[in-house]
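User: Please take me through the reasoning behind the terms applied to this structure. I should like each term set against its criterion.

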Amino acid sequence: MERPLTGLMRGDGVALSLTEYRDGGGYSALEKALKSWSGEDVIEEVKASNLRGRGGAGFPAGLKWSFVPRTDKAPRPRYLVANADEMEPGAFKDRLLLEGNPHLLLEGMILSAYAMGAEVAYIFLRGEYVEPRRRLRRAIDEASAAGLLGRNILGTDFSLDLYLHISAGRYICGEETGLLNALEGKRATPRSKPPFPQVSGAWGKPTVVNNVETLCNVPGIVRHGAEWYRGLGLAEDSGTKLFGVSGRVRQPGAWELPMGTTLRNILEKHAGGMCDGYHLKGVLPGGGSTDFLLPEHLDMAMDYDTVGKAGSRLGTGTLIVLDDKTCPVGMVLNLERFFAQESCGWCTPCRDGLPWTRQLLEDIEDGRGSLEDLSTLEDHTAFMGPGKTVCALAPGAMEPLQSALKFYREDFEQHIREGRCPYD
Amino acid sequence: MAEFIARDRNWALDYLTDAERDEIEAEAACYPRRDSLAIEALRVVQNHRGWVSDDSVAAIADYLGMGAAQVDAVATFYNLIFREPVGKKVILLCNSVVCWMQGCERLRAHIGERLGIDYGETTGDGEYTLLPITCLGDCDHAPALMIGDDHHHDLDTKELDRILATRED
Ligand SMILES: Cc1cc2nc3c(=O)[nH]c(=O)nc-3n(C[C@H](O)[C@H](O)[C@H](O)COP(=O)(O)O)c2cc1C
Ligand code: SF4
Ligand code: FES
């Protein structure tokens with residue numbers, strides 16, 4: 001099986017050096033594109049590859065780049081930002097890419113910047129990722145010394161300045177417009193759209209924000225072509241995906257697998273199945289802000305559309321397993337506590353609705369809840385649903401809650417009936 | 001609420017050390033505007049002084065040509081900027097969902113017994129401060145925490161004791 005994202009990585013956990021990366025074919029896609037392709041050619045190839053954004057929303061990457069104005073009068077500089085904030089609960093996939101092969105991200109960024117005509121690039125890295133920071137710094141130094149960054153890259157007339165921004169931390173920094181405010185040194189309050197960042201982003205200039213994993217897919221696409229890339233996926237969606245599993249499974253971890261691998265294959269073959277004495281009760285397929293799936297979904301293909309049709313989202317592709325000995329009310333309470341704390345406070349449904357939601361869940365978990373609280377919780381899932389708030393934090397927060405209310409209703413009611421948590 | 005006393009730019013230049021100003025200026029090339037350096041400047045000052053005092057906020061504001069309230073709005077927004085004094089080492093204990101399922105509350109209680117501190121508190125000798133943190137990206141090795149710059153995973157109370165003991169000497 002081909003693993004363009006992780007195949008070159010060393011077994012000992014040490015980052016690939018520039019030499020090792022080049023020996024494995026690294027930066028050959030960049031040479032090919034800079035010497036014989038136009039930026040538009042790169043965009044067309046990525047469009048044809050059907051690469052979809054790995055940050056959670058699955059937006060087609062080539063299409064996003066094509067929105068950047070390219071006329072002579074368009075504002076400059078244009079910016080490319082790699083979103084390496086990775087603060088979604090349960091997500092740890094970008095860290096593996098940053099630590100294992102930082103040059104892959106750099107090559108992906110240089111290629112993407114070339115495609116859209118960006119002159120300046122940033123990596124927006126969460127502050128707690130200390131080891132990725134060290135490794136990225138080293139990789140940036142190596143690439144600069146080798147003429148792969150800075151002026152006249154590989155002797156061509158393409159130039160790119162690349163900087164590392166270390167975030168001071170808040171989940172909302174990962175939302176692309178909140179990220180732009182954080183990059184500008186401000187509070188990371190999201191901006192309302194339009195204008196979209198591709199037209200008016202960082203410092204009011206055209207800006208593209210892409211997830212780390214999205215960008216890491218670009219070198220392979222340029223090197224081997226869109227058709228090869230589409231062939232990697234098992235169903236509609238193309239390429240490979242980093243899938244991760246955490247919770248009470250035998251071998252928690254992350255693996256690069258074909259897009260469309262089944263949930264069962266990921267959980268049973270790669271994660272080794274449930275730990276002894278635990279049974280699968282549900283799974284959040286794409287991090288803390290996705291809807292629960294049930295054991296009956298195990299044979300489902302993990303790709304954007306299939307998971308969407310089942311009522312959830314592929315999200316980050318990092319699965320959180322709920323076992324039968326963990327209280328689903330307690331789990332959702334933990335998630336809503338997180339979302340309430342991380343709300344930036346800009347819009348009312350989110351600022352006031354999330355603490356209210358948390359309080360209701362606390363009451364139920366501690367045995368003070370009533371059946372009426374359940375309908376109030378349901379109301380909240382509507383009040384904070386898609387389109388009611390400035391950004392997607394609040395709708396995301398409602399996803400695990402609304403599905404838990406549906407699938408684990410009996411657990412909620414038992415708490416209320418018995419006036420205590422039956423799992424304690 | 002913090003009260004910021006108006007002073008002049010010379011005071012700010014005097015307040016910030018050469019090393020602090022050099023480190024802030026080293027970041028200046030990465031951003032097109034001076035006021036975009038606010039987060040960097042807060043981090044630099046915190047690295048040198050452990051935390052960000054009202055005077056530090058005022059000095060950064062003067063130095064970058066911003067209002068103190070503007071800088072404070074930024075400083076108070078972010079998890080990793082400390083507007084109160086902290087111990088020499090900050091323990092960031094992940095309390096997000098996977099670590100919660102796998103026993104972060106046990107670790108919190110154990111830190112309470114061993115060091116006598118809960119969230120937001122500092123040991124009497126000024127060595128440790130305990131703070132909760134959101135998912136550290138170590139979920140496949142939960143529960144996890146950070147002490148200073150180091151991540152520690154797959155923790156139970158015994159492993160935590162071992163780590164704290166090795167850090168003490
Ligand atoms: C609250 C919130 C947090 C987010 N956090 C991240 C993140 O940490 N990393 C990320 O790549 N995308 C995150 N996103 C998605 C980004 O807004 C954006 O869609 C993504 O970076 C675009 O990259 P892509 O098109 O390559 O997927 C977040 C979105 C929301 C609403
Ligand atoms: S939905 Fe929440 S996080 Fe997003 S802008 Fe509104 S208050 Fe801020
Ligand atoms: S939930 Fe604790 S590291 Fe992810």
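**Ligand shell and nonpolar cores**

Analyst: In this predicted model, the shell around ligand 1 holds 18 residues, of which Gly55(A), Lys64(A), Asn210(A), Asn211(A) and Thr214(A) come nearest. Strand 4 (residues 207–211) of chain A gives the most to this shell, with three residues.

User: What makes the pair between Lys64(A) and ligand 1 a polar contact?

Analyst: A polar side-chain atom of Lys64(A) lies 2.9 Å from an oxygen atom of ligand 1. The criterion is a pair of N or O atoms within 3.5 Å, so the pair qualifies. A polar side-chain atom of Asn210(A) likewise lies 2.9 Å from an oxygen atom of the ligand.

User: Why does the pair between Gly174(A) and ligand 1 count as a polar contact?

Analyst: Here a backbone N or O atom of Gly174(A) lies 3.3 Å from a nitrogen atom of ligand 1. The limit is 3.5 Å, and therefore this pair counts too. Taken alone, ligand 1 exposes 620 Å², and the protein buries 88% of that.

User: How are the shell residues divided by type?

Analyst: Five are nonpolar, seven polar and six charged.

User: Why is Tyr78(B) said to be in contact with Ile39(B) and with residues of chain A?

Analyst: Contact requires heavy atoms within 4.5 Å, and Tyr78(B) touches Ile39(B) as well as residues including Ala168(A), Cys173(A) and Arg187(A); these are therefore contacts.

User: Which residues have the most contacts inside the largest nonpolar core?

Analyst: They are Leu354(A) and Tyr78(B), in a core of 102 residues. Helix 14 (residues 328–342) of chain A supplies the largest share of this core, eight residues. Apart from it lies another core of 61 residues, among them Val46(A) and Tyr229(A).

Methods: Residues are numbered from 1 along each chain as its sequence is written. Chains are lettered from A and ligands numbered from 1 in the order in which they are written. This is a predicted model: local features need pLDDT of at least 70, side-chain atom pairs count only at pLDDT 80 or more; totals for chains, interfaces and linings use all residues. Side-chain values use heavy atoms; hydrogens and water are left out. A nonpolar core is a set of buried Ala, Val, Leu, Ile, Met, Phe, Trp, Tyr and Cys residues joined through side-chain atoms within 4.5 Å. Buried means under 20% relative accessible area, exposed over 50%, partly exposed in between (1.4 Å probe, protein chains only). Helices (H or I, at least four residues) and strands (E, at least two) are DSSP runs, numbered from the N terminus. A residue is near a molecule or strand if one of its heavy atoms lies within 4 Å of it. A polar contact is a pair of N or O atoms within 3.5 Å; within protein, one must be able to donate a hydrogen and the other to accept it, and residues adjacent in sequence count only if both atoms are side-chain atoms. Accessible areas come from the Shrake-Rupley method with a 1.4 Å probe; for residues, only the protein chains shown count as cover. Ala, Val, Leu, Ile, Met, Phe, Trp, Tyr, Cys and Pro count as nonpolar, Asp, Glu, Lys and Arg as charged, and the others, Gly among them, as polar. Lists of a residue's contacts leave out its neighbours within four places in sequence.
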